[in-house]
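Reader: I'd like a close look at one part of this model, with the cut-offs spelled out as you go. Could you pick a helix and follow its connections outward?

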Amino acid sequence: MGAVQSDLKASIVQATSGGRVIPKDDPFWQTYWLRPETAEHVFETFTTTDIRGMRDNATAAENLKTLILRTVLHLLKTRHQAVSLSDETGKHGLVALNCVRVLTRILPYIYEVDETRRWEESVFSAIQDESFFQGYAPDAIDYVQPHQPLIAQLTQTLLDLLFYTGFTLPWSEAETEPRKSQVSYSLWQSGIACDTTIVSSKEMESKRTEIMRLLITLESKSIYTIPPDYIDYNVDAVQYITRHADKRRVQSLLCSLLNTVIKYHPDSWLPFDPRNPQGDNVRETHIRVCLHFLLVNMLTRAPWDEAGKERNEFRLQFSYLHKPKHLQFLADGIFKILRRPLESNSNVLSMAQRPIPWTPEMIILLWEALFTNRKYLHYVVESGRALDLMVLLVYYAKESHMDGVGRVCVFCLQTLSAEKHFGELLNRPFEAHDTLPSSIQIKNFHGRYSDYFITSMLSLLEHTSPEATFWSVSLTSIITNVTPHVTGLGRATSSKLMQTFARLAKPSVVLASESNVNTLSNLLHAINLIIEHHDTGHENSNLLYATWRAREKFRSLRDLSLMDEEGMSQLEIPCSSRSSMEVPNDRVETEKSKGKRPSEYKTWSGGLMNKLADLPLHTSLTLISLLESNLGVSPDADDGISTPSVDSSARPSLTERRGSLDKADILRMVKELGKVPGLDRREVVEADKFAFQPSIAALYASYFWGLVVSHDAQRVSGTGTGIWAGTEIRLFRIKAGQIQGPSLWSPKGAVDAVGESLVAGVKDLTLRAKKGISGE
């Protein structure tokens, strides 16, 4: 090993510091693909200083460009002219791998600088004539296609090598000696589109891993752009793979990747080895890289496309999955990974306690399946598994504190909530609540799945930062989607809804931003739908009673919505935060803090005033008026106020006051009321479905590319020689001193998004599993 690295290092030094441009056809270049024996040889010998030293020196830069082109051409030559790449017949396979390793190591440093990236695009993306290639290799005309861009030829060669018998696929049983390698787009694993058991080996998996890492590297060029530019940035390798003309090859690649990822079972593939608690490194690295390669191609929407699916053959083929056994296979594989943190086992050496580092990526795959494949979505809902999935998503959203993977969980929940049958499923009693981990249990819970779901969404909303307005609106949209279908909401859930309404209806919150009004409007819409659908057999008496109890808040909000700017300027508000949507912490108030001051809000946009005026208060106020009329209560008896105020010291809170009327009488009257008179019940309610937007696409890309980069850093954290380690990534940033990637149990990696355009960015790419998690 020392001699190999010494020879390779000497060649690097000569190309970097020799002070001359080495001829393009010099045998010197063969050292780079003939001498290395492992990927570590290449990555450890080619240091960051070496590569940047070649790139940033005018003379050495010519040598670096020659090295890249000579390596690419030799890889094409090996693919087309070698009789076999099997280790049994010579070193052609090792030579091909060394070419792959050299390119994987160097290309990120080409992409990070504008000048060298432009050179790469001019050479790889444009059509070159025969003389250009012959200048580097006289026999290039025998294996190069001059009518095709070099990036397309390189990408196709790498795809072929993933399906090369004797190299990355086993020999065919019909093959006779001497065996000749060939490209065969057969599947790597049984599962979707293949019921036959397929034999593989760690050696083949290791080779496929290295090839896919180079393909991912070619596709990673977009991470060196800033977020606003990502939307319209075109990466040729991505476009070539996702729009491949041969649909059969796309299907074979898609199914191979899916089957490899989904068939993985950490409890059955190998016995637990206390000397290797992280599991089988070769095999699990292969699984992870397969998942990353699958997601990078499936999720790509750049250049920006509204639908995304029609311009991406990967997504299109994925949307075609429809056989029940295939849908079940996909669901089983995803669920077995997601439910592991909730599984209980007293054995401390249990495999169930071992982390699965790619859980966030599996949640991304889950959402893509729900969003892209309607048949899969219907399968999950119709089979009843959506209830278990909902609990899992709530768990991950809470454990991630609504950052990173928690926001992908919101995508999933919003997609599920738009299905009518999902809302109907929520009416089932939730009898297994006490078996949940304590972190997602609700204190003194007794109720249905609808109570658990709505309360959990309100809890997530309560702990969402005021700046993350997109997520606040999404959470209230989720609640709105299910409310027409739920019945029998409990008292605690109804009270929680009203407490959240009261918090959002404070003038200090409402007047802070238009987005806060949007969140409040969504919540009011949800309350309205429950009231409008209240009827005999579909009763929500507790919610109607809670609305009656909160009648002062509804009237205060109505008065606020009718005010003009002059009236608002006279409002008195506490000295607390203007825009916070958080529940304030208990604290001792001084006389000074109890004082009021004129409103800080001197001007308001026309949009905010219009949104205030359009708040959907008619339904709740109609119900309140009806109940007052039937109960013989004067509207001004308890809450005749005209100027809204958030001063809680002026009178007791609604939750502390006891009305003169008996609660049982009011509830009995509400139940006998049936359909609320004077309200038009909408039989068809349009669900608020998730819609992709350019800003979300950039955020989403930052997140999943961040996972790819940080996992690569984690894989090689001992040597610091990852593919992208040390390069100037612009789409997101890696915090200094935190090279280790994210994991479920030890969150030490972090990838942060850059810029306000990414909403709130990518803060935590990890799930922080709490101690003492009990089983499902």
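Author: Here is a walk that starts at helix 9 and then moves along the chain.

Some ground rules: this is a predicted model, where local features need pLDDT of at least 70 and side-chain atom pairs count only at pLDDT 80 or more, while totals for chains, interfaces and linings use all residues. Residues are numbered from 1 along each chain as its sequence is written, and side-chain values use heavy atoms, with hydrogens and water left out.

For context, the chain has 35 helices and four strands; these are DSSP runs numbered from the N terminus, with helices being H or I of at least four residues and strands E of at least two. Of the 776 residues in the chain, 57% are buried. Buried here means under 20% relative accessible area, exposed means over 50%, and partly exposed is in between, with a 1.4 Å probe and protein chains only.

Now to helix 9. The helix covers residues 150-161, which makes 12 residues. From first C-alpha to last, helix 9 reaches 16 Å, close to the 16 Å expected at 1.5 Å a residue (the expected span is 1.5 Å times one less than the number of residues). What stands out is its cover: 12 of the 12 residues of helix 9 are buried, so the helix is largely enclosed by the rest of the structure. The buried set includes polar names such as Q153, T155, Q156, T157 and D160, along with L150, I151 and A152.

D160 is a good handle, since its side chain has a partner. R249 forms a salt bridge with D160, with the closest N and O atoms 3.3 Å apart; the term means a side-chain nitrogen of Lys or Arg within 4 Å of a carboxyl oxygen of Asp or Glu. This pair links distant parts of the chain, with R249 in helix 13 (residues 247-263) and D160 in helix 9, 89 residues apart. The two ends differ in cover: D160 is buried at a relative accessible area of 6%, whereas R249 counts as partly exposed at 26%.

Next comes the loop between helix 9 and helix 10 (202-219). The rings of F163 and Y185 have centres 4.4 Å apart and planes at 25°, so the pair is stacked. For the cut-offs, rings of Phe, Tyr and Trp (its six-membered ring) pair if their centres lie within 6.5 Å; planes under 30 degrees apart count as stacked, over 60 as edge-to-face and the rest as tilted. Both F163 and Y185 lie in that loop, so the pair ties together parts that are 22 residues apart in sequence. F163 and Y185 are both buried. The structure holds 27 aromatic pairs.

That loop also contains A193, which has a positive phi near 70° despite not being a glycine. Unlike the buried ring pair, A193 is exposed, with a relative accessible area of 59%.

There's a charge-over-ring case to look at too: the charged end of R208 sits over the ring of W188, 4.5 Å from its centre. The criterion is NZ of Lys or CZ of Arg within 6 Å of the ring centre and within 35 degrees of the ring normal.

Moving on to K221, this residue lies in the loop between helix 10 and helix 11 (227-230). The side chains of E121 and K221 meet in a salt bridge at 3.7 Å, N to O. E121 belongs to helix 7, and the two residues are 100 apart in sequence. K221 counts as buried at 3% relative accessibility, while E121 is partly exposed at 28%.

Helix 7 (residues 114-124) offers a local counterpart. D114 and R117 meet in a salt bridge at 2.5 Å, N to O, and being three residues apart in the helix, they are separated by about one helical turn. D114 is partly exposed at 31% relative accessible area, and R117 is buried at 10%. A search of the whole structure finds 23 salt bridges.

One last number puts those long links in context: residues 24 or more positions apart account for 78% of the contacts in the chain with a separation of 6 or more, where contact means heavy atoms within 4.5 Å.
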